[in-house]
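Please study the sequence and the structure shown below before attempting the exercises. Each exercise is followed by a solution in steps.

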Amino acid sequence: MIKDIIDKKRRGLFLTRDELESIFMGYLNGNVKDYQMSSLLMAICINGLCKEEIFNLTDIFIKSGEVLDFSDIDGVKVDKHSTGGIGDKTTLVIVPIVASLGIPVIKMSGRGLGYTGGTIDKLESIKGFRIDLTNEEINDSIKKVGAVITGQTANLVPLDKVIYALRDVTATTSSIPLIAISIMSKKIAAGADKILLDVKYGKGALVSTYEEALELGSLMQEIGAKYNKEVRYIISSMNSPLGKCIGNALEVREALEVLKGEKGGDFYNLCVDIASNMVSMAKNIEIDYAKKMVEEVLNNNKAYYKFVDIVKNQGGDVENIPISDNIYRVYSKNSGTIKEIDALEIGKLSLMLGAGRKSKEDTIDYSVGIVLNVKVGDKVNTNDLLMSLYINNINKFEVSDNIFKIE
Ligand code: URA
């Protein structure tokens, strides 16, 4: 009985594959109720899952839908995944870099539920960009431009879709085993040969400490090994927003600046780090050599032109990314050094401006967001510009005093 399975996990006991399958697939099929699954998820959050349960549940997730097979596309296909955060638009830069080096990239991304949009939302801020490619169109795109960035097909790990939506509203998102299962089931079902993971920790991230990020990264690596997928992970901080732009169209514009050759800063450095690891994995070469190749395609604009091609192939126009022209500027009330820019507070503000969704039904305003004029470590004087808010159709918003810590 379902109740007995829940009770076993409440007591911290081992669940067999059959038990996991009956309750999770029962939920997908509508035979297990929301309140029963919520109760089990909370018991998992509190008592955890052992490795065998994690491997079994990942497999159940994968097999709940279609498993894509791109083996007829030549070359080693590398995928990447970031556990997400405020201002994270790395995919927009990394995919064209890697593709411009002849490595096929099939990137399936999600929408955002939270403070800002996901990669797919960001791309939709480009007029005309299509994110709903069929498997046939994906294959054609790879042949034509070598890369594709598209939404997940409806039948890719459908179990994750329903469980993730429930976790989101039952305070059960922070369980490391559940995060690992959710991410790795989708990555494995999406059919790449090798996977690079960017695991974030900090205020704006799913896990708060470096140690937790390490645990999550190594667990995902172990799951990958079960499917003969090489998985590498890097760990990066998400205490402050990544880069200077937060909000969909603004983030695409910032990505374009890096692709056009702008260098330096945390966003540029992270893009180079992730892309170098992907190239190193795909070509089986040393990371330093891969890094030189990555820097070269940024310097000679090959990565930029690849992005233009990818966007054009999916119906978009990089010259047409509207942003609001209604700008509200925030100035420093005192002088000193910027010690912290709170990623979570920035996320909340961007949500208030309309750049994210509070619920699945919300629509995003692509044209709004935040441009930071300062980074951690900068010195400021009273009345110096701290950030510009791009606003639209909004009468009231509040800028928290806790965003910038200036000492
Ligand atoms: N991203 C996912 O896809 N799943 C999680 O559980 C967390 C982040």
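The exercises that follow concern a predicted model, and they treat a ligand site and two sheets in turn.

**Exercise 1. The shell around the ligand**

Identify the residues around the ligand and state which helix supplies the largest share of them.

Solution.

Step 1. A residue belongs to this group if one of its heavy atoms lies within 4 Å of the ligand. The residues found are Y164, R167, I179, S182, I183, K186 and L206.

Step 2. Sorted by character, the shell comprises four nonpolar residues, one polar residue and two charged residues.

Step 3. Helix 8 (158-168) and helix 9 (176-189) each contribute at least two residues of the shell. The largest share, four residues, belongs to helix 9.

**Exercise 2. Polar atoms facing the ligand**

Determine how far the polar side-chain atoms of R167, S182 and K186 lie from atoms of the ligand.

Solution.

Step 1. For R167, a polar side-chain atom is 2.9 Å from an oxygen atom of the ligand.

Step 2. For S182, the ligand atom concerned is a nitrogen, at 2.6 Å from a polar side-chain atom.

Step 3. For K186, an N or O atom of the side chain is 2.4 Å from a ligand oxygen atom.

Step 4. The ligand taken alone exposes 240 Å², of which the protein buries 91%.

**Exercise 3. The parallel sheet**

Establish the strand order of the parallel sheet, and explain why strand 1 and strand 5 each have one side without a neighbour.

Solution.

Step 1. Strands of a sheet pair through backbone hydrogen bonds, in a parallel or an antiparallel manner.

Step 2. Here three strands form an open sheet with the order 1-4-5 and parallel pairing.

Step 3. Strand 1 (78-82) and strand 5 (230-237) are at the edges and have a single partner strand each, so one side of each lacks a neighbour in the sheet.

Step 4. On average, neighbouring strands of this sheet are turned by 15° against each other, direction ignored.

Step 5. Strand 1 is joined to strand 4 (residues 194-201) by five bridges; H81 has L197 in strand 4 as its bridge partner.

Step 6. Helix 10 (residues 210-226) packs on the sheet and touches strand 4 and strand 5. Helix 12 (residues 265-283) also packs on the sheet, touching strand 1, strand 4 and strand 5.

**Exercise 4. The antiparallel sheet**

State the strand order of the open sheet with antiparallel pairing.

Solution.

Step 1. The three strands of this sheet have the order 10-8-12.

Step 2. Two bridges join strand 8 (residues 336-341) to strand 10, and T337 stands opposite K379 in strand 10.

Definitions and conventions: Residues numbered from 1 in each chain as written. Predicted model: local features only at pLDDT ≥ 70, side-chain atom pairs only at ≥ 80, totals over all residues. Heavy atoms only, no water. Polar contact = N/O pair within 3.5 Å; in protein donor to acceptor, adjacent residues only side chain to side chain. Areas by Shrake-Rupley, 256 points an atom, 1.4 Å probe, with all protein chains shown as cover. Nonpolar A, V, L, I, M, F, W, Y, C, P; charged D, E, K, R; others polar. Pairing = 2+ DSSP bridges. Axes fitted to C-alpha atoms, helices over the stretch in contact; angles between N-to-C directions. Contact = heavy atoms within 4.5 Å.
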